[in-house]
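I opened the model to look up a few helices, their contacts and some single residues. My entries follow in the order of looking.

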Amino acid sequence: MRRGKLFLSGILAGICIGLGGTVFLSLDNKVLGALFFTVGLFTICTQGLHLFTGKVCYLWEKDLSYALDLIPIWLGNLAGTWLLAMAERCTRIAPALVEKAQGLCETKLGDNLASIFLLAIFCNMLIYIAVEGFISQPVCCRGSRAGQFFFVNGRYVKSRTMQAALEQAYRNQKMVGK
């Protein structure tokens, strides 16, 4: 049952990351495309979805059960991106997306294995640093949500979703009773 939920969450994460990739491929401006790609990642984080690349970094510090949980997450991510790709192939944007995706694939597949492996490690290191960098030490923990303030584009935002995401990020790090 638990692994079934992980698979479903993986599918949803795959769809989110696929949508981010679609936007990235749709825009000629790579900086703007990368910025909008992060909306998919933000959705995954705030909704508590499971993305393989965000979970695999913790493999070495977790137990065998965690490693086995990565399988349905990876399969779910694959299924989610495949479902989105099949749906997008039925749209008018498909030819342009296919052309750009093929160009990226040719570039990456034309690279040697050592380069692909090292770039993949660097990519996961950046993901790990990004996730861990935003989690402060448990000594900074308070007993309530009273000190939580969120700002988006310089504006104060009151959001239960963001509060829940922050609480989820700290769930294993908070001291008992805090």
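In which helix is the place of Ser9? I found Ser9 in helix α1, which covers residues 2–26. I kept in mind throughout that this is a predicted model.

**Entry 1: Ser9**

I looked up the accessibility of Ser9 and got a relative accessible area of 9%. Ser9 therefore counts as buried, the cut-off being under 20%. I then listed its contacts, leaving out residues up to four places away in sequence, and Ser9 touches Gly48, Leu49 and His50. One of these, Gly48, lies just after α2 and takes a positive phi of about 70°.

**Entry 2: the whole chain**

I stepped back to the overall layout. The chain has seven helices and two strands. Along the sequence I read the pattern α-α-α-α-α-α-β-β-α. The chain has 178 residues, and 25% of them count as buried. I also checked how far apart in sequence the contacting residues are. Taking contacts between residues at least 6 apart, I noted that 69% join residues at least 24 apart.

**Entry 3: helix α2**

I took α2 next, residues 30–46. Its 17 residues reach 24 Å from the first C-alpha to the last, close to the 24 Å expected at 1.5 Å a residue. At its start I found a side-chain oxygen of Asn29 within 3.0 Å of the backbone nitrogen of Val31. The buried residues I noted in α2 are Gly33, Gly40, Ile44 and Thr46.

I looked at Thr46 by itself. Thr46 has a relative accessible area of 15%, so it counts as buried. A polar atom of the Thr46 side chain lies 3.4 Å from the backbone oxygen of Thr43. With residues up to four places away in sequence left out, Thr46 touches Thr161 and Ala165.

**Entry 4: α1 against α2**

How do α1 and α2 run relative to each other, given how their axes cross? I read a crossing angle of roughly 170°, with the axes coming within 8 Å. Angles over 145 degrees count as roughly antiparallel, so α1 and α2 are roughly antiparallel to each other.

I wrote down both sides of the contact. From α1 come Ala13, Cys16, Ile17, Gly20, Gly21, Val23 and Phe24. From α2 come Lys30, Gly33, Ala34, Phe36, Phe37, Gly40, Leu41, Thr43 and Ile44. By class, the residues of this contact divide into 10 nonpolar, five polar and one charged. I note that Gly33, Gly40 and Ile44 of α2 are among the residues that meet α1, and that they are also buried.

**Entry 5: α1 against α5**

I repeated the lookup for α1 and helix α5, residues 94–109. The axes come within 9 Å and cross at roughly 95°. The range for roughly perpendicular is 65 to 115 degrees, so α1 is roughly perpendicular to α5. The contact is made by Thr22, Phe24, Leu25 and Ser26 of α1 with Leu97, Lys100, Ala101 and Leu104 of α5. I sorted the residues of this contact into five nonpolar, two polar and one charged. Phe24 of α1 appears here and also in the contact with α2.

While in α5, I checked Thr107, which is found in that helix. Is Thr107 buried or exposed? Its relative accessibility is 58%, and the cut-off for exposed is over 50%, so Thr107 counts as exposed. A polar atom of its side chain lies 3.0 Å from the backbone oxygen of Gly103.

**Entry 6: helix α4 and Pro72**

I moved to α4, which has 25 residues. From its first C-alpha to its last, α4 reaches 37 Å, close to the 36 Å expected at 1.5 Å a residue. I listed its buried residues as Tyr66, Asp69, Leu70, Pro72, Ile73, Gly76, Asn77, Gly80, Leu84 and Glu88. They pack against α1, α3 and α5.

From this list I picked Pro72, found in α4 (residues 64–88). Its relative accessible area is 10%, so Pro72 is buried. Not counting residues up to four places away in sequence, I found Pro72 touching Arg3, Leu6 and Phe7. For Leu6 I also took the separation: Pro72 and Leu6 are 66 residues apart in sequence and 6.2 Å apart in space, C-alpha to C-alpha.

Note on methods. Residues numbered from 1 in each chain as written. Predicted model: local features only at pLDDT ≥ 70, side-chain atom pairs only at ≥ 80, totals over all residues. Heavy atoms only, no water. Helix = DSSP H or I, 4+ residues; strand = E, 2+ residues; numbered from the N terminus. Expected span 1.5 Å × (residues − 1). Buried < 20%, exposed > 50% of the residue type's maximum accessible area, 1.4 Å probe, protein only. Polar contact = N/O pair within 3.5 Å; in protein donor to acceptor, adjacent residues only side chain to side chain. Contact = heavy atoms within 4.5 Å. Axes fitted to C-alpha atoms, helices over the stretch in contact; angles between N-to-C directions. Parallel < 35°, antiparallel > 145°, perpendicular 65-115°, else oblique. Nonpolar A, V, L, I, M, F, W, Y, C, P; charged D, E, K, R; others polar.
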